[in-house]
Each structure stands twice: as structure tokens, then as C-alpha cells.
Amino acid sequence: MEQGDQRALKTIQDMLGGVFNASASLMLARHRVPGAADAVFQYRNTILKRIDHSQYLRVLEELKPESVGVLLGYMEEGSRHHCIEAAEFLDEMSWEPKNPETDRSFHLMLMLTEQWQRLGALGDKAAETMGDVLLGVAYRHQELSEEKILETLERFNTPGSRQVLIKVLEFGDVTLRGKVAWSLEYLKAKEAVPKLLAALDLDLAEKKSFCSSGTKEIISALGALGDSRAVTSLIKILTDTDWFERGEAAYSLGRLRDERALEPLIQLLRNRSDRSLQDYAARGLGELGNSGAVRTLLDFLEECYDYQCETVIYALGKIGDRRAAHSVLKWLVKELGPHKEKPESWREQRSWQDLHPLLGVLGKVVFQSAMNGKPSIELLTENTAITSNILHLFAEKPDVQVENFWDGTYFNTKFDFSEGREMAHKELLARGNPKYDEKGYLDEDAWTATKMDND
């Protein structure tokens, strides 16, 4: 810088520290003193106390193109105190490069100013910039939200943007891999399965030294994408990692609907050492839809805890094997009655909303051939002796009060079943008020047909 320019810049800096009005700032800007744009930005807080925002923008406009270069520099260095303000000034100056689709600085400006919709219109080159930001290759901005970037890439949903996500999955850290796996599941990106399997192996290896937080999401994605190449890895997880991953693997194996998963899931259901995993195993068997699991599920229904029974009922409903109707019916009748004068806890009282979908499951296992794809929840209205008898039980179900104890205090909880009684009465009236079936809910031939074979 020439000696005269140095004196001029010193004069600018002295003025910035003292009285700085709009006329003086514009005059100095027009002299094009080297370093003026940098000084104007560094002292912006002082300047903006003396001139308004629009006048300050005029100064930056006068200093173009030097001010653009200065603002880009501050924006890209990633300084917490400068980058967002620099991006906002560039945006307010309506700066746009000749090729916005390929200009990475322009992409970064849009990200820092949260113009995600505008960024999404720029195509796959913008997606590549976002991927590099996630990986820290291009910029390392703490202010940028990983979730917002991933949401934008999901909205792109092009082959190019999915490849960017797969690249981030491959090279990202353990937490980022889990977030990307969720995005790939949402996009149904089946081309990601090989990299998801590689990421799963990497996560499991890293868990030996520290806890990985993305494994569960990767397992979920593999189940949702429905690729049988994941079966072997997921079966291994059933016995080779912690509780969360084992449970998610059981459910994902069911979603893959591969017969190789049947026996491992049955063994997990029979394992009494961890009751919570049995719940996941039952869910997985329901998703698998293989009738080979029916006997094991029915055996488990006889011994499971209350909270597990519903999962087993749903699983049997999904499988849709008519032989399960007898056991499902027995469980539902037990839930509805006989009525107790003083139930032991609120858990023994089921509302109409609780039982409505479960009655639908009963409809599926008994009337599978008549379903024609109808959602199971609607099958309560099937006019049969089984559902009519359950409606009779509900129509007579009284309101109850249960005494509870919590935190040193006794209190009463009232359960109002008036809505359920009204709905049951209306449904029975629509059926012609059928009488309660004293035979045991099924005629002898139908009862025999529902029993499991002894083999």
C-alpha cells in the first residue's frame, strides 16, 4: 500500500472511532482507498450507531467489488462473529454470481441466510456443496444446522442428491451417519443399501471403544428399504450388541419378510432373560407374516405380561391365521370381564378406544378370507357371534373407581365407559339385537377349526 493510501486509511479508521456520518462514509468509499472495505466492515458496529442500516448498505455498494470480496472472505472463514452478518449484507446487496448453480460461495450465503427453498432450486451442484459442508470439507460453520441441510437434500430427492447423502454416510462421523440413514430411509433410497451395511459394520466396530449413537437409525433404514442382503447382518445383531440395536434389528428383520429370520426371531421370543426384547421379537414376527410363528406366539400369550399381550395380539392379526382366533377371543373376553367391584389398578380397565383396534384384529384372524384388503380396524362391524358377544360385554360394562397410591398420597381415579356403552348399544341395534351366545362364542365346528394342530 502506498504511503498516501496508508495515511488515508488511518484517517478512515480515526473517523470510524469518532464521528462518522453518511456523507463522510460515502466520500471515503468513493476514493477507493485500499483496505477501506475491510475497515468499514470491521468497524460496522461503531458505524451503525451513527448512520442507519440503509446508509451503511450504500457505503458497501460504493465499495464494490472490493466489499464483495471482503464479505465473502469473512463469510467463508467461519468466524462465529462475522460469517452470518457478512452473508446477510451480501444478500441485502442482492449479490449474485454469474453462475449461481455452481458457485459454492453463493450456496453458502443461501445456507447462512436460511434460504433453503431458493437453494433447493439450484440443482445437484448445490447439493454437493451441502454435502461438503456436512463433512467439513468446504466450510466448518457451527451456525449451519445439519437437520436443515438434510431436510433440503430430502426435498431435492434427485439421483445426484441421494448420491451426496450416500457419500456423507460413508465419510461422516457416527452421529451424522445416523441422521443421514434416517434421510435415506425417508427417500426410500434402495441404492444406499451397500453403504448402509458398510456403515453398520463400522458402527459396530467403533462401539467396542465408545458408544455410537447412529446404529439404531441405520438398522431401521435397512429394514425399511426391504433388501434381503441385510438379513445376515441383522440376524447377527440379535445376539451381538446392546438392547436398543437388538430390538430394532428384530423389528427390521420382520419388515424384510425373509424366511431366514423366522427361527432367530422365534428363539428371541422364547428367551426369558429380557422381556423387553420379547416384545420386539413379537412385533418382528407379526411383520414377517409367516404362519410358522403362530404356535410360538400363542404359547407366549399364555405367559406374557399385560403390556406384551397387545403386541402378540397385533402380531397374530397381521399374520392372519384363523387358528389363532380361539386364543385371541379368550384374551379379549378376559380384558372386558368379568367386572370387578374393586379392580387392582387402572391397567385392568380398558377404554373403548383401546379395544376397538384389537377387536379388529380378532376380525382379521377369524374372517381372513372375507377381508379383501379391508383395514383390520374396520372389522369390528362384522356381524358374527364372536363380535356380538364382545359388544354385549361392553354394553354392560359399568363405570368404575380405582384407588391409587402415588408419592405418599391415596387418590381415586374414575373410568367412564359411557361412550363405549353407547357405541356398543348402537352397533347391537344395527345387528337386530342378537342375543348373547351361551355356547362359548363359536359353534362346535368353528371352535374345533380354530384350535392349533398338535403336531
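Among contacts in the protein between residues at least 6 apart in sequence, what percentage join residues at least 24 apart? The share is 66%. This is a predicted model. The protein has 26 helices and two strands. Of its 455 residues, 50% count as buried.

**Helix α18 with helix α20**

- Helix α18 covers residues 262-270, and helix α20 covers residues 294-301.
- Their axes lie 11 Å apart, at an angle of about 10°.
- Angles under 35 degrees count as roughly parallel, so α18 runs roughly parallel to α20.
- On the α18 side, the contact is made by Ile266, Leu269 and Arg270.
- On the α20 side, the contributors are Thr296, Leu297 and Phe300.
- Sorted by class, this contact has four nonpolar residues, one polar and one charged.
- Helix α20 is mostly covered, with six of its eight residues buried.
- Those buried residues are Val294, Thr296, Leu297, Leu298, Phe300 and Leu301.
- Thr296, Leu297 and Phe300 therefore appear twice: they touch α18, and they count as buried under the 20% limit.

**Helix α11 with helix α12**

- Helix α11 spans residues 146-156, and helix α12 spans residues 159-171.
- The two axes come within 8 Å and cross at roughly 145°.
- Leu150, Leu153 and Phe156 make the contact from α11.
- Ser161, Val164 and Leu165 make it from α12.
- By class, there are five nonpolar residues, one polar and no charged ones.

**Helix α21 and its end**

- Helix α21 runs over residues 306-319 and has 14 residues.
- From first C-alpha to last, α21 reaches 21 Å. That is close to the 20 Å expected at 1.5 Å a residue.
- Which residues of α21 are buried? They are Gln308, Cys309, Thr311, Val312, Ile313, Ala315, Leu316, Gly317 and Ile319.
- Just after α21 comes Gly320, with a positive phi of about 75°.

**Asp279, a contact partner of α21 residues**

- Asp279 sits in helix α19, residues 275-288.
- Is Asp279 buried or exposed? Its relative accessible area is 17%. Buried means under 20%, so Asp279 is buried.
- Leaving out residues up to four places away in sequence, Asp279 touches Tyr307, Gln308 and Thr311.
- Two of these partners, Gln308 and Thr311, are among the buried residues of α21.
- Asp279 and Cys309 are 30 residues apart in sequence. Their C-alpha atoms are 8.8 Å apart in space.

**His392 and the stretch it touches**

- His392 belongs to helix α24, residues 385-395.
- The relative accessibility of His392 is 16%, so this residue counts as buried.
- Which residues does His392 contact, beyond its neighbours within four places in sequence? They are Leu428, Pro434, Lys435 and Tyr436.
- With Pro434 there is also a short polar distance to note. The backbone oxygen of Pro434 lies 2.7 Å from a polar atom of the His392 side chain.

**Positive phi outside glycine**

- Asn433 has a phi near 50°, a positive value in a residue other than glycine.
- Asn433 lies in the loop between α25 (418-430) and α26 (444-450).
- Asn433 has a relative accessible area of 48% and is partly exposed.
- Ser94 also has a positive phi, of about 60°, although it is not a glycine.
- Ser94 is found in the loop between α7 (83-92) and α8 (104-112).
- Is Ser94 buried or exposed? Its relative accessibility is 62%, so Ser94 counts as exposed.

**Asp240**

- Asp240 lies in helix α16, residues 231-240.
- Asp240 is partly exposed, because its relative accessible area of 48% falls between the limits of 20% and 50%.
- Leu204 is 36 residues away from Asp240 along the chain. Their C-alpha atoms are separated by 9.2 Å.

Notes:
Residues numbered from 1 in each chain as written. Predicted model: local features only at pLDDT ≥ 70, side-chain atom pairs only at ≥ 80, totals over all residues. Heavy atoms only, no water. Helix = DSSP H or I, 4+ residues; strand = E, 2+ residues; numbered from the N terminus. Buried < 20%, exposed > 50% of the residue type's maximum accessible area, 1.4 Å probe, protein only. Polar contact = N/O pair within 3.5 Å; in protein donor to acceptor, adjacent residues only side chain to side chain. Contact = heavy atoms within 4.5 Å. Expected span 1.5 Å × (residues − 1). Axes fitted to C-alpha atoms, helices over the stretch in contact; angles between N-to-C directions. Parallel < 35°, antiparallel > 145°, perpendicular 65-115°, else oblique. Nonpolar A, V, L, I, M, F, W, Y, C, P; charged D, E, K, R; others polar.
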